[in-house]
Amino acid sequence: MGKIIVSVEATADIREDIREKYDIAVVPMEFIVDGKVEKTDDPDCMTLKTFYDEMRAGKPTQTSQVNREAAFSHLENILKNGDEVIQVSFSSALSGTCANFLSAAEELDRRYPGKVKVVDSLCACSGQALLAVLTAKYAQTGKTLDEVYRFCSDTVPKINHIFTVENLKYLARGGRISKATALLGNAMQLKPVMRCNEEGKLVPFKKVLARNRSLTVQVEEVCAKFSGEFEEMYISHADCLEEAQSVRDRIAERLNIKPEIMDLGPVIGSHSGPGTIAIFFVGKDRAVV
């Protein structure tokens, strides 16, 4: 008898040891640095240190979504093994990837009835990873695919994202803010703290001055909203490990838990830039405090 496989795209930035522990499948993705195409599952893919150094040097970066053909092939390979699959997909508010998985799953359901489900996570980065891990743990308790799908769908509104960036120019490059706002904000040392809202969109939460203050605001928000329903908490960083460790230690002291630290990968990092720190946890909902 097959098992239930939880799957995510490379946007989840899930750490290898965690992926292996819960047998989570990952869909590789491409990114482009200064015209050179890289693939996340390529053993010769550039290191994250090199990637962020290239960004700091001003090299242009691009990403592309998982197309329908790749989505279909990935899901079918799992189903061919006799397993069932639930795709915990990147937020539909940020990419067309989820729509491609839904389209592929609709066709596959005719060949493998009731064996494939797709959940629009309304999440990004390690928020997507957190949802996948909680779903995989639930699946391992002997639940049916329908039960796992309901659990995952019900957990989506509870996955909180809060993050800050070091340089606003990368948000401007991706169209999140205007170039004028980025120039003025950088000149003023403005550090916006942002979140992922109930619709899966990235929106401003608070505007503060100075990097240290932005990290403090993140810690305060996490401690105010953490529900304690699940202890798992992930902190992702874009080549700023020491700051991520400091944030982790401050949260651990106040909540008596130990958040896991993840690397922010090139697909998401391409849009937020080096110096990004993001925290992902389960709250009662995603509403602001």
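In what order do the 4 strands of the open sheet with parallel pairing come? The order is β2-β1-β6-β7. Keep in mind that this is a predicted model.

**The parallel sheet and its helices**

The edges of this sheet belong to β2 and β7, and each has a single partner strand, so one side of each goes without a neighbour in the sheet. Going from one strand to the neighbouring one, the average turn is 25 degrees, direction ignored. Zooming in on one pair, β6 and β7 run parallel and are joined by 5 bridges. Within that region, serine 89 sits opposite aspartate 120 in β7.

Two helices lie across these strands. α3 crosses β1 (4-9), β2, β6 and β7, and its direction makes about 150 degrees with β6. α5 lies across β1 and β6, at about 175 degrees to β1.

**The antiparallel sheet**

There is also an open sheet of 3 strands, ordered β4-β3-β5 and paired antiparallel. Here β4 (36-39) and β5 (61-63) are at the edges with a single partner strand each, so each has one side without a neighbour in the sheet. The twist from one strand to the next averages 25 degrees. β3 (residues 30-33) pairs with β5 in the antiparallel sense, over 3 bridges, and valine 33 is found opposite threonine 61 in β5. As background, the strands of a sheet pair through backbone hydrogen bonds, in either a parallel or an antiparallel way.

**Four loop residues**

A handful of loop positions are worth a look, so here is where they sit and how much of each is accessible, with burial meaning under 20% relative accessible area.

| Residue | Loop between | Relative accessible area |
|---|---|---|
| Cysteine 123 | β7 (116-120) and α5 (125-139) | 0%, buried |
| Aspartate 83 | α3 (68-80) and β6 (84-89) | 12%, buried |
| Alanine 210 | β10 (202-209) and α9 (211-225) | 35%, partly exposed |
| Aspartate 239 | β11 (234-237) and α10 (241-255) | 26%, partly exposed |

Take cysteine 123. Setting aside residues up to four places away in sequence, cysteine 123 touches Phe90, Ser91, Gln128, Ile159, His161 and Arg286. Its C-alpha atom is 9.7 Å from that of phenylalanine 280, with the two positions 157 residues apart along the chain counted as their separation.

Aspartate 83 has contacts with Gly2, Lys3, Ile5 and Ile78, once neighbours within four places in sequence are left out. The C-alpha atoms of aspartate 83 and glutamate 199 are 31 Å from each other, and the two residues are 116 residues apart along the chain.

The other two entries have backbone angles to check. Alanine 210 shows a positive phi of about 90 degrees, although it is not a glycine. Aspartate 239, also a residue other than glycine, has a positive phi near 60 degrees.

**The largest pocket**

How many residues line the largest pocket? The lining is made of 24 residues, and Asp13, Ile14, Glu16, Thr40 and Pro266 lie nearest the centre. The elements giving two or more residues to this lining are α1 (16-21), β2 (25-27) and α11 (266-272). By residue type, the lining splits into 13 nonpolar, 3 polar and 8 charged. As for volume, the largest pocket comes to about 600 Å³.

Conventions
Residues are numbered from 1 along each chain as its sequence is written. This is a predicted model: local features need pLDDT of at least 70, side-chain atom pairs count only at pLDDT 80 or more; totals for chains, interfaces and linings use all residues. Side-chain values use heavy atoms; hydrogens and water are left out. Buried means under 20% relative accessible area, exposed over 50%, partly exposed in between (1.4 Å probe, protein chains only). Contact means heavy atoms within 4.5 Å. Two strands pair if DSSP finds at least two bridges between them. Axes are lines fitted to C-alpha atoms, for helices over the stretch in contact, and angles run from 0 to 180 degrees between N-to-C directions. On a 1 Å grid over the protein atoms alone, a cavity is a set of points where a 1.4 Å probe fits but cannot get out, and a pocket is an open set with protein on both sides within 12 Å along at least five of seven lines; lining residues have an atom within 4 Å of a point. Grid points are joined across faces, edges and corners, and a volume is the space filled by probe spheres set on the points. Ala, Val, Leu, Ile, Met, Phe, Trp, Tyr, Cys and Pro count as nonpolar, Asp, Glu, Lys and Arg as charged, and the others, Gly among them, as polar.
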